[in-house]
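Ready for a few short exercises? Take a look at the sequence and the model, then work through each task one step at a time.

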Amino acid sequence: MKILLSVIAMAIGMPVAVIAVFLIAYFGEFPLPVSSSQFRTDWKFKTLVTQGDQIIGGGYSFAEARDIWIRLRLHHEPDLTVQSVAETCSPEALEKIRTWFLKQATPQKILGILPLSDDSHADEVVLNDVANLRCKSTESYTPITHQLGEFPQGCSMGWILYHKPSRFYYERSPCSH
């Protein structure tokens, strides 16, 4: 009888403990990873992902918002002029934003040699082609003050990079829902 009660207690207690830890992490402002498969449910990116392919990205989810970045290859050139809040980046901001996306989108390596993932080399080529990158940002003065995985401070719209020859579109939204 003790064994049966122990099994019942474990069967009930384990799921409750897992749910409790998940709720504490979610409402306690601990970052929960977001995969690119979840972009279809995000209010900002759900229509964007239907406009292209080769979608990669990631980020973190908090109780009130998500800090997300995405890269996709668009089928058609976007009209970047419709984002009236966003301004064309200064050369300094372009360099910071380009470097940030380069760090996020290119594969991480062990000892600088062996890649941890099999992501393509295309992002490195595209993001190093500065002459063909168009940049928009809502953070006109100090871009990239908010690190990925930190709780979103304010709700700026983020940054956009577009590479016309490859049609690669990069966007970060530090306060998406």
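**Exercise 1.** Find the strand that holds glutamine 54, and say how exposed this residue is.

*Solution.* Start with the location: glutamine 54 belongs to strand E2, residues 52–61. Strands (E, at least two residues) and helices (H or I, at least four) are DSSP runs, numbered from the N terminus. The model is predicted, so local features need pLDDT of at least 70 and side-chain atom pairs pLDDT 80 or more, while totals for chains, interfaces and linings use all residues. Residues are numbered from 1 along each chain as its sequence is written, and side-chain values use heavy atoms, with hydrogens and water left out. Next, the backbone: glutamine 54 has a positive phi of about 55 degrees, although it is not a glycine. Last, exposure: glutamine 54 is partly exposed because its relative accessibility is 39%; buried means under 20% relative accessible area, exposed over 50%, and partly exposed in between (1.4 Å probe, protein chains only).

**Exercise 2.** Work out which strands E2 joins by bridges.

*Solution.* Two strands pair if DSSP finds at least two bridges between them. On one side of the list is strand E1 (residues 32–35), which is antiparallel to E2 and joined to it by four bridges. Here serine 35 stands opposite glycine 58. Then comes strand E3 (residues 66–74), also antiparallel to E2, with eight bridges. In this pairing, glycine 59 has isoleucine 68 as its bridge partner.

**Exercise 3.** Check whether the span of helix H2 agrees with the expected value.

*Solution.* The expected span is 1.5 Å times one less than the number of residues. Helix H2 (residues 91–105) has 15 residues, so it should span 21 Å, and its end C-alpha atoms are indeed 21 Å apart. Among the buried residues of H2 are Trp100 and Phe101.

**Exercise 4.** Describe the aromatic cluster that includes Trp100 and Phe101.

*Solution.* Rings of Phe, Tyr and Trp (its six-membered ring) pair if their centres lie within 6.5 Å; planes under 30 degrees apart count as stacked, over 60 as edge-to-face and the rest as tilted. The count comes to five aromatic pairs. Tryptophan 100 and phenylalanine 101 are edge-to-face, at 5.1 Å centre to centre and 85 degrees between the planes. Phenylalanine 168 and tyrosine 170 have centres 6.3 Å apart and planes at 65 degrees, so this pair is edge-to-face. Putting the members together, Trp100, Phe101, Trp159, Phe168 and Tyr170 form one cluster.
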